[in-house]
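Work through the exercises below with the sequence and the coordinates open. Try each task before reading its solution.

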Amino acid sequence: MNLGLSGRRAAVAAASSGLGLAAARALAAEGARVAICGRDRERLGAAVRSLGDGARGVIADVGTPEGATAFVREAQDALGGVDVLVTNAGGPPPGGFATTPLDAYHAALDLNLMSTVAMCRAAVPAMQERGWGRVVAITSITVRQPIPTMILSNTARAGATGFLKTLALEVAKDGVTVNSLLPGFHATERLRTLRGGDWDKVAGEIPAGRVGDPADFGSFVAFLCSEQARFVTGSAIPVDGGEYAGLL
Ligand code: NAD
């Protein structure tokens, strides 16, 4: 299937590894011109090289709204505009109510809510003017099914989801779609940090019986950015091997 992404300009945040890099790979494989960001020059450089000719790297920390805005602005300069925005960031530290200090909420809200708002503010108005755009936000299955030991993620991503849904309604008539993907357990550094490298043990908790492959996740991002997905907007879609236990 031709996804109609050839020549589209894509900014993918926090993409020197993991799900962001997988999304950038899938978009580049479809012919999109890609700019990615990360904080570490060496890791970012390696990721950019793995994406092939024409990919751009921007050193940016999306842990603050200023850093997130700067990334989109630099991507727009490097690519001549941004048609596709994939918002992403690292995840906040684990913890529950009793163990999480107040300050940690500010940092988590900046990382997983305000960075999303800032990137959309920087990218979406130009998409509206051109009458075409795609925003895909990488959030978490904690949006549907909060994890008791992840109070910061549960809290910040709920806010981001409310923002994204509202944005989707406002810009739908301008040819801009806004969706979020809710990853369950995928084989990345994040999961290794939280759960150790025993993928088999984690796989036992997932109905599909295996941990998610970031490449599959990236392909789903690319599909949501496609021409064919133009009628899908305002959705928050789990990609979790069946982990989410609710009916709807
Ligand atoms: P990861 O930690 O493995 O990779 C994140 C990448 O982003 C790394 O390259 C990191 O250096 C970069 N990064 C982190 N913080 C950044 C910042 N402030 N500015 C710029 N770059 C930054 O994470 P992942 O597994 O790829 O997950 C991506 C997102 O999805 C995270 O928010 C994570 O919490 C969420 N998520 C992941 C899983 C999973 O199982 N992997 C499950 C649910 C939610």
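## Exercise 1: a serine in a strand

S180 sits in strand β6. The model is predicted: local features need pLDDT of at least 70, side-chain atom pairs count only at pLDDT 80 or more, and totals for chains, interfaces and linings use all residues. Residues are numbered from 1 along each chain as its sequence is written, and side-chain values use heavy atoms, with hydrogens and water left out.

Task: decide whether S180 is buried or exposed, and list what S180 is in contact with.

Solution.
- Step 1. Fix the terms. Helices (H or I, at least four residues) and strands (E, at least two) are DSSP runs, numbered from the N terminus. Buried means under 20% relative accessible area, exposed over 50%, partly exposed in between (1.4 Å probe, protein chains only).
- Step 2. The relative accessibility of S180 is 2%, so S180 counts as buried.
- Step 3. Contact means heavy atoms within 4.5 Å. Set aside the neighbours within four places in sequence; S180 then touches A137, T139, L164, S235, A236 and I237.
- Step 4. Take A137 from that list. A137 and S180 are 43 residues apart in sequence, yet their C-alpha atoms are 4.4 Å apart.

## Exercise 2: the sheet

Task: give the strand order of the open sheet, then name its edge strands.

Solution.
- Step 1. Two strands pair if DSSP finds at least two bridges between them.
- Step 2. The order of the seven strands is β3-β2-β1-β4-β5-β6-β7, and the pairing is parallel.
- Step 3. β3 (56–59) and β7 (236–239) are the edges, since each pairs on one side only.
- Step 4. On average, neighbouring strands of this sheet are turned by 20 degrees against each other, direction ignored. Axes are lines fitted to C-alpha atoms, for helices over the stretch in contact, and angles run from 0 to 180 degrees between N-to-C directions.

## Exercise 3: bridges across the sheet

Task: trace the bridge partners of V12 and V86.

Solution.
- Step 1. Start at β1 (residues 9–12), which is joined to β2 by four bridges and to β4 (residues 84–87) by three.
- Step 2. V12 has I36 as its bridge partner in β2. In β4, the partner of V12 is V86.
- Step 3. A10 also has a partner in β4, namely V84.
- Step 4. Move on to β5, which runs parallel to β4 and is joined to β4 by four bridges. There, V136 stands opposite V86.
- Step 5. Check the cover. V84 and V86 on one face of β4, and L85 and T87 on the other, are all buried. In β2, five of the six residues are buried.

## Exercise 4: helices over the sheet

Task: find which strands α1 and α3 lie across, then describe how α3 meets α4.

Solution.
- Step 1. α1 (residues 18–29) lies across β1, β2 (33–38), β4, β5 (133–138) and β6 (176–183). The angle of α1 to β1 is about 170 degrees.
- Step 2. α3 (residues 65–79) lies across β1, β2, β3 and β4, at about 150 degrees to β2.
- Step 3. The axes of α3 and α4 (residues 102–130) come within 8 Å, crossing at roughly 35 degrees.
- Step 4. The contact uses P65, A68, T69, F71, V72, R73 and Q76 from α3, with D110, M114, S115, A118, M119, A122 and A123 from α4.

## Exercise 5: a threonine in α4

Task: describe the surroundings of T116, a residue of α4.

Solution.
- Step 1. T116 has 7% relative accessibility and therefore counts as buried.
- Step 2. Beyond its neighbours within four places in sequence, T116 contacts T87, F163 and L164.
- Step 3. T161 is 45 residues from T116 in sequence, and the C-alpha atoms of the two are 9.7 Å apart.

## Exercise 6: the cysteines

Task: how many disulfides does the structure have, and why does C120 form none?

Solution.
- Step 1. A disulfide is a pair of cysteine sulfur atoms within 2.5 Å.
- Step 2. Searching the whole structure gives zero disulfides.
- Step 3. The closest cysteine sulfur to that of C120 is in C225, 12 Å away, so the distance is too far for a bond.
- Step 4. C120 counts as buried because its relative accessibility is 2%. C225, at 0%, counts as buried too.
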